[in-house]
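Reader: I should like to learn how to read a structure of this kind. May we go through some of its features in turn?

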Amino acid sequence: MNAPQARRIPWDAGALVLSMIVFGFGTQRAEWRWASCASLAVAGWIVARWGVAVPEAPALFGLRLRCGRFLPKLLLSLAVGAVLAIAFHAYRGWDWLPRGLTWFAVIAALIGAAEELIYRGYVYGRMRAWGALCAVATAAAGHTLYKCALFALASSLAELLFLAGATFLAGLLFGLMRERLGSTVFPLAAHAAFDVLVYGAWAGAPWWVWRM
Amino acid sequence: MSTQALPENGHPAERPPQRLTGRARKLGRMPIWGPLILALLVVGVGVAVWLFTHPPATGEDRIFEVAIQGCEEACNYNSMQLKKQPSQGEQGDKSADSKIRLWCRPGDLLRLSVTDGLTEGSGSREWVYRVKQGTSLRCRAVEHGLCVNDCVVGVNLRKDAGKEWLGKATAQERAALRVLRLDDKEAPDLELLKDLNWPELLVSIEGRSDKALALVAAKYPIHALMCKIDNWDSAGGSPGLKSLRWLFPVGNLPPAGALDNIETLFWGFLGERKTKSKAEDLAAVRGMTRLVNLHYPPVEEEGNANLAALAARPGLVSLSVFLKTGSDLSPLTQLPELRALCLFTDSPNLEPLRQLKKLRLLSLPSKEKTNLRPLENCKSLRVLLVSEKVAEEQKADLARLQQALPDTVIDTGAGICLGSGWVLLMLGLSILAGRWYRRRCQGGRAGA
């Protein structure tokens, strides 16, 4: 009985991905804010009802701290995030590392961690029954679509293509990290390190964070 | 299936529910309170660090947003940022309930167009109010004047109701007055005007106001004045005008050297053309050695001001000016103290603005495409106002500019919308709600 039940169609993961896309796209215009708000509420409800509230929540989100060689794996994850951040800095033509950090580094890390909990946590966890490849690819694709929706109207086509390619590749890498290292903590740490190094020196949140 | 059949190390949800008592129940609650307290601590430390590292800006450097309710339109004098209520319905009925949002600096004077639904001749439409803090203003026209946040701040002595109110006003009410509107046709009762808070009061005289102004200025010190004067000879020498700091003349400027203490000169309302003074005639402005805020009107048919002559005032902090298309902005580099700038011109070359190290607010009302690249180096910029058309057509440019200037608010009049950071709120609430739902289900099962 367990196998067919486990391989049920993960409509909740699909709905979560879709509602995050609508939320991201809705942030572009003030007149769409209610649609954006509603889709964020739907996403929150899905995470609460079928993620946090179910007995298998720890396994679903994959927040395991007791896995072999935790510290080396954590350091490796932080290094992965740092390398990605340096690559991004080089692409933008900025200094390789930020000169100092501000309070926004904390917010940036939390936002990165939240995205990982949604995509490498919930979406990956729900899709895992369909195979590791499917789970990694779906989580990366969902994350990419959300990012593209977030910047759809504010970016040129070339910038959107770069954003999509970079987010998808990083998403694949983070998905593999969860699969091979055995916990969502590692992609979460990598993403947080990336965000801290890229945005941590900013004196305030950029426009797409709060939009107030 | 009996509970004994379950494996000992089965999933917690598959184990028979157990009632927790005493200390065990307390510990059972820890998983919720522990992370919550930790999160609160993290947020608290974050806020404390932010407060210590970002002390509130003071003085002229501070720019805040003022929400104004109950107005048909509002205008910031220094930056000439004009906002109107959105019209409702085909007849153009305007609701005073929605808010107008303006960016201001401390001490900015706002022109508020307030109506109580009476005819325009009622004299209750145009009021001026000086903002000190970034607070919300709820405006309401009353029979005798203007109420802001349920406090009478303006009295209209052109009406009998205004005179009657001022005659009965308490000392506290008199001290709270900020705007005094006088009648140009009738000599004011000077006894009525005693004990007013003159340093904070703006005197507004409509029509040809030479005589009324001369009478009042002979007895009281006037610090802020809005008037329409063709002949300054009768009033210009009055002792009360020596303390004048803010001047909003419709018509001629005072003669050079007559009013040298003026700090703010807002010369000429939009649409006002019939004046003997010429905009090119800067003799009076040159004499105003303390001038820090200047709005310069459009020159008839030319639409161009002599920017080089205007820039001869190095102490200028705020400037709004009409210029020809393609005008050279390099004279602005001689204004190192400039913090607020409003350029009424199409497609300006913004390259010289790179050198304005203190520029905080820039308003570009132009609807033509503008090269915004030079602004990427204006690290001090905090507010950029662009027209909706520019915002629509130059989204990619504005996004790139925002990347370069993350501290800058780019106001396109689009209003409030959400951002990616709200995912944090969603996830936090989801975790709390999910855990509550799970406990509720477990409690229900335990009860059954």
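Reader: In chain B, what share of the contacts with a separation of 6 or more is accounted for by residues 24 or more positions apart?

Author: Please keep in mind that this is a predicted model. In chain B, 44% of the contacts with a separation of 6 or more join residues 24 or more positions apart. The secondary structure of this chain comes to ten helices and 22 strands, and 35% of its 448 residues count as buried.

Reader: Where is T345(B) found, and is T345(B) buried or exposed?

Author: T345(B) belongs to the loop between β19 (340–344) and β20 (361–364) of chain B. A residue is buried if 20 or more other C-beta atoms lie within 10 Å of its own. T345(B) counts as buried because it has 22 C-beta neighbours inside 10 Å.

Reader: Which residues is T345(B) in contact with, leaving aside its neighbours within four places in sequence?

Author: With those neighbours left aside, the contacts of T345(B) are L323(B), K324(B), T325(B), S327(B) and S366(B). In addition, T345(B) and P365(B) are 20 residues apart in sequence, with their C-alpha atoms 7.8 Å apart in space.

Reader: How should one describe two packed helices?

Author: One gives the angle between their axes and the distance between the axes. In chain A, helix α2 (residues 11–26) packs with helix α6 (residues 104–127) at an angle of about 150 degrees, the axes being 9 Å apart. Angles over 145 degrees count as roughly antiparallel, and α2(A) and α6(A) are therefore roughly antiparallel to each other. The residues of this contact comprise eight nonpolar, no polar and two charged.

How values were computed
Residues numbered from 1 in each chain as written. Chains lettered and ligands numbered in written order. Predicted model: local features only at pLDDT ≥ 70, side-chain atom pairs only at ≥ 80, totals over all residues. Helix = DSSP H or I, 4+ residues; strand = E, 2+ residues; numbered from the N terminus. Buried ≥ 20, exposed ≤ 12 C-beta atoms within 10 Å, placed from the backbone. Contact = placed C-beta atoms within 7 Å. Axes fitted to C-alpha atoms, helices over the stretch in contact; angles between N-to-C directions. Parallel < 35°, antiparallel > 145°, perpendicular 65-115°, else oblique. Nonpolar A, V, L, I, M, F, W, Y, C, P; charged D, E, K, R; others polar.
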